[in-house]
Amino acid sequence: MTFLPALIQWLHVASVVLMIGGFFFLRVVLIPASRSLPNSHQPKLMAAALRRFSVVVWIALVTILASGIYNFVSFLRSANTTTAAGISPDFSYYILVLGIKLFIVFLIFTLGIVLTFPYPVFEPFQKRPSPWINLTMILGLIVIFLSALLRRL
């Protein structure tokens, strides 16, 4: 029975890495490289790249959400088992860090949707994506750190 939890954890981590890594690639490689193109071609390249990247983002968002719910339910079950065994650990620090992580994940999901969903209200963000991609990368790195911290609590 350890295969399924390992597979779910791998899907969770791989999805986060692919999404945050994709934003990193866009910001560090593609946007600077697009500056060597004529000004009329830059918006077309970024629109095409974000459109193609949106498939990765949306699959990652669904996978992260589903596997995250599974991981949280598994945590609750293990916490109940521990408490039922007469051990009364203090989960307050864990819950605090988890709450901060989930809030930041909500921000990343929102930025991912704003940067990739083809809706007219999001066009100003999609036309100048650099600051929003920077913010998404920084938040993603914070989430990865908080995840590592949670694994050790």
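**Note on the core, the pockets and Q42**

1. Start with F23. Beyond its neighbours within four places in sequence, F23 is in contact with F53, V57, G112, L115, I133, T136 and M137. Keep in mind that this is a predicted model.

2. F23 also matters for the next item, the largest nonpolar core. This core has 31 residues, and F23 is among the five that touch the most other members. The others in that group are M19, L26, I108 and I133. Four elements give two or more residues to the core: α1 (3-34), α2, α3 (92-116) and α5 (130-151). I133 thus appears twice, as a contact of F23 and as one of the five core residues named above. As general background, nonpolar side chains tend to be buried together in soluble globular proteins.

3. Now the largest pocket. Its volume is about 940 Å³. It is lined by 32 residues, and those closest to its centre are Q9, H12, G68, N71 and K101. For anyone placing a grid box, these are the names to look up in the model.

4. Which elements each supply at least two residues of the lining of the largest pocket? They are α1, α2, α3 and α5. The helix that gives the most is α2, with ten residues. By class, the lining holds 22 nonpolar, eight polar and two charged residues.

5. The second largest pocket has a volume of about 560 Å³. Its lining has 21 residues. Closest to the centre are P43, M46, A47, Q126 and K127. Here the elements giving two or more residues are α1, α2, α3, α4 (123-127) and α5.

6. What is the class make-up of the lining of the second largest pocket? It divides into ten nonpolar, six polar and five charged residues. The largest share of this lining, seven residues, comes from α2. That helix also gives the most to the lining of the largest pocket.

7. Last, a local point on α2. Q42 lies in this helix, which covers residues 42-84. The side chain of Q42 reaches the backbone oxygen of L37 at 3.3 Å. Leaving aside neighbours within four places in sequence, Q42 is in contact with S34, R35 and L37. L37 therefore shows up in both lists, since contact means heavy atoms within 4.5 Å and the Q42 side chain sits at 3.3 Å from the L37 backbone oxygen.

Key: Residues numbered from 1 in each chain as written. Predicted model: local features only at pLDDT ≥ 70, side-chain atom pairs only at ≥ 80, totals over all residues. Heavy atoms only, no water. Polar contact = N/O pair within 3.5 Å; in protein donor to acceptor, adjacent residues only side chain to side chain. Core = buried A, V, L, I, M, F, W, Y, C linked by side-chain atoms within 4.5 Å. Buried < 20%, exposed > 50% of the residue type's maximum accessible area, 1.4 Å probe, protein only. 1 Å grid on protein atoms, 1.4 Å probe; cavity = no way out; pocket = protein on both sides within 12 Å on 5 of 7 lines; lining within 4 Å. Points joined across faces, edges and corners; volume = space filled by probe spheres on them. Nonpolar A, V, L, I, M, F, W, Y, C, P; charged D, E, K, R; others polar.
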